[in-house]
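This report walks through one protein chain, from single side chains to the chain as a whole. Please keep the sequence and the model side by side while reading.

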Amino acid sequence: MIKVYNTLAEKKEEFIPLEKNRIKMYVCGPTVYDDAHIGHARSAIVFDVIRRWFEHRGYEVTFVRNYTDVDDKIIKRANEKGVTWKEVAEKYIKSFEEDMKALNVKEPTVKPKVTEHISEIIEMVKGLIEKGHAYEADGDVYFAVETFPEYGKLSKRKIDELMAGARIAPEEKKRNPLDFALWKKSKEGEPAWDSPWSKGRPGWHIECSAMSMKYLGETMDIHGGGLDLIFPHHENEIAQSESYTGKTFVRYWMHNGFVMVNSEKMSKSLGNFFTIKEILEKFSPDVLRFFLISTHYRSPIDFSFERLREAKAAFERIKNFLNTRTIIENIPQIDSEGSPIDVEKYINSFNEAMDDDFNTAKALGVLFEMVKEANILKDRAVKEQKISLNEKESLLKAAAFIKATMKTLGFKLKEERTANDMEDKLIKLLIDIRQKLRKEKNFKLADEIRDELKEMGIVLEDLPGGTVYRKGD
Ligand code: ZN
């Protein structure tokens with residue numbers, strides 16, 4: 001039995017899908033106006049691991065992740081850069097897909113774009129107006145929040161309390177400060193589509209309702225996203241979807257915690273963020289994944305390079321054990337009962353942790369315990385050069401389980417080259433070439449290589465044993 005923390009119920013619940021063995025899952029995707037940062041990586045990896053675990057447990061998962069490819073931020077970016085909004089969206093969709101591929105995030109079943117679902121969105125807005133849940137005001141269409149008495153049920157806010165703090169901005173034509181735009185009339189030069197109300201574009205919230213319903217039906221099993229999406233985005237998705245269909249929109253709402261830097265949320269607006277590409281220049285995708293799932297998905301994560309280095313060391317402890325397979329196989333076997341490790345016990349604890357709301361932090365802890373015990377046994381056997389059959393079998397079984405499990409969690413376990421390794425190789429290649437030039441008495445070119453490298457902050461030192469380099473001068 002898998003237990004899932006449901007934000008709506010504010011507790012863990014037994015997970016029972018609508019259809020036996022099938023799961024319909026939607027995760028809010030990025031607004032594509034810039035390179036994705038670690039906050040995006042966390043959401044992507046958290047829901048990737050959840051999906052992979054469900055699949056491992058025998059479910060067939062239909063996974064939808066959208067692209068918000070028309071939005072005020074995209075338009076603003078385009079104006080700043082002097083390019084079209086479409087060029088901005090396409091560029092950052094491509095960038096996001098590169099990141100997801102590098103991070104080994106499984107391809108969604110569908111990746112709908114807002115701009116390709118305008119007619120579905122218009123259809124839904126029309127329906128909401130007909131049912132009396134939305135109204136037109138000078139080309140804009142707003143959802144009337146007071147027509148949905150359950151408003152606030154996800155974020156646990158009360159309409160009257162929200163009202164107290166809400167204001168209507170001068171350019172808005174809504175009746176009630178809590179009402180939100182379903183359709184926005186476009187200004188001159190902005191992207192616009194024909195609609196019964198104006199040449200305009202959809203509001204943000206309606207897109208996720210329209211696209212998720214198209215691919216997953218009126219009721220889905222899981223809707224996920226970052227904690228910051230609960231209000232107003234997901235609250236509004238519920239209001240408009242349930243008003244439209246009269247049915248439950250989502251059965252389990254799942255939200256991942258923030259990535260923090262120095263106790264502040266990492267975000268574009270605070271400028272304290274690192275892009276996925278920046279991190280992958282220094283650390284492998286496996287290390288980043290390991291770092292991000294070492295904390296339970298609902299808890300905040302403190303990000304720092306120091307913590308990434310620690311994650312790297314921890315990840316390597318596990319990988320090193322997997323690399324000792326041949327050593328274990330070559331230890332001479334003896335004919336006595338040894339004391340094997342209880343692999344089953346670890347497997348059960350691991351599965352229990354994962355089934356309990358995807359507690360990857362605890363599950364990785366189980367793997368560490370297992371590696372620790374296995375290493376003690378292996379080291380003893382290597383030292384004594386003898387091992388009994390059941391001990392050897394337990395070690396090999398442990399290694400096989402850990403390897404398969406890491407794959408299930410989405411690790412590639414390949415030797416990966418970071419840009420740093422690459423740089424190291426390139427510098428060594430230049431050093432070799434310079435050596436050859438010097439042998440051929442081509443000192444001019446050899447010195448040129450040395451000087452150019454120095455310009456880049458890479459200093460070569462000719463020592464008796466050969467040339468070494470250091471950085472940072
Ligand atoms: Zn969304």
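In this predicted model, Arg 77 has a relative accessible area of 17%, and because buried means under 20% it is counted as buried. Its salt-bridge partner is Glu 80, with the closest N and O atoms 3.8 Å apart, which falls within the 4 Å allowed for such a pair. Glu 80, in contrast to its buried partner, is exposed, with a relative accessible area of 52%. The two residues sit 3 residues apart in helix α2 (residues 72-81), so about one helical turn separates them.

**Salt bridges between separate parts of the chain**

Where in the chain do the partners Arg 298 and Asp 357 lie? Arg 298 is in the loop between α9 (285-293) and β13 (301-302), while Asp 357 is in the loop between α12 (343-355) and α13 (360-384), so that the pair links distant parts of the chain, 59 residues apart. Their side chains meet in a salt bridge at 2.8 Å, N to O. Asp 357 counts as buried, at 0% relative accessibility, whereas Arg 298 counts as partly exposed, at 30%.

Another salt bridge, at 3.1 Å from N to O, is formed by the side chains of Arg 380 and Glu 391. Because Arg 380 lies in helix α13 and Glu 391 in helix α14 (residues 389-408), this pair ties together parts that are 11 residues apart in sequence. Here Arg 380 is partly exposed, with a relative accessible area of 31%, and Glu 391 counts as buried, at 3% relative accessibility. There is also a network in which salt bridges share partners, and it joins Asp 72, Lys 184, Lys 187, Glu 190 and Arg 201. The count of salt bridges comes to 43, and the table lists the three pairs described above.

| Residue pair | N to O distance |
|---|---|
| Arg 77 and Glu 80 | 3.8 Å |
| Arg 298 and Asp 357 | 2.8 Å |
| Arg 380 and Glu 391 | 3.1 Å |

**The zinc ion**

Which protein atoms are the donors of the zinc ion? They are the SG atoms of Cys 28 and Cys 208 together with NE2 of His 233, and they lie 2.1 to 2.2 Å from the ion. Written as a pattern along the sequence, the spacing of these donor residues is C-x179-C-x24-H. Cys 28 lies in the loop between β3 (22-27) and α1 (38-56), and His 233 lies in helix α7 (residues 230-245), so this pair ties together parts that are 205 residues apart in sequence. Both Cys 28 and His 233 are buried.

**A nonpolar patch on the surface**

On the surface, Met 422, Leu 426, Leu 429, Leu 430 and Ile 433 make a nonpolar patch of about 420 Å². Met 422 belongs to helix α15 (residues 419-439), and it counts as partly exposed because its relative accessibility is 41%.

**The chain as a whole**

The chain has 16 helices and 17 strands, and its C-alpha trace spans about 80 × 70 × 35 Å along the principal axes. Of its 473 residues, 51% are buried. The area that the chain exposes is about 23000 Å², of which carbon and sulfur atoms supply 50%. When contacts between residues at least 6 apart in sequence are considered, 76% of them join residues at least 24 apart.

How values were computed. Residues are numbered from 1 along each chain as its sequence is written. Side-chain values use heavy atoms; hydrogens and water are left out. Patches are made of residues with over 30% relative accessible area and no salt bridge: like charges are joined within 9 Å, nonpolar side chains (Val, Leu, Ile, Met, Phe, Trp, Tyr) within 5 Å. Accessible areas come from the Shrake-Rupley method with a 1.4 Å probe; for residues, only the protein chains shown count as cover. Helices (H or I, at least four residues) and strands (E, at least two) are DSSP runs, numbered from the N terminus. Buried means under 20% relative accessible area, exposed over 50%, partly exposed in between (1.4 Å probe, protein chains only). Donors are N, O and S atoms within 2.8 Å of the metal (3.2 Å for Na, K and Ca); water is not among the atoms, so sites may look incomplete. Contact means heavy atoms within 4.5 Å.
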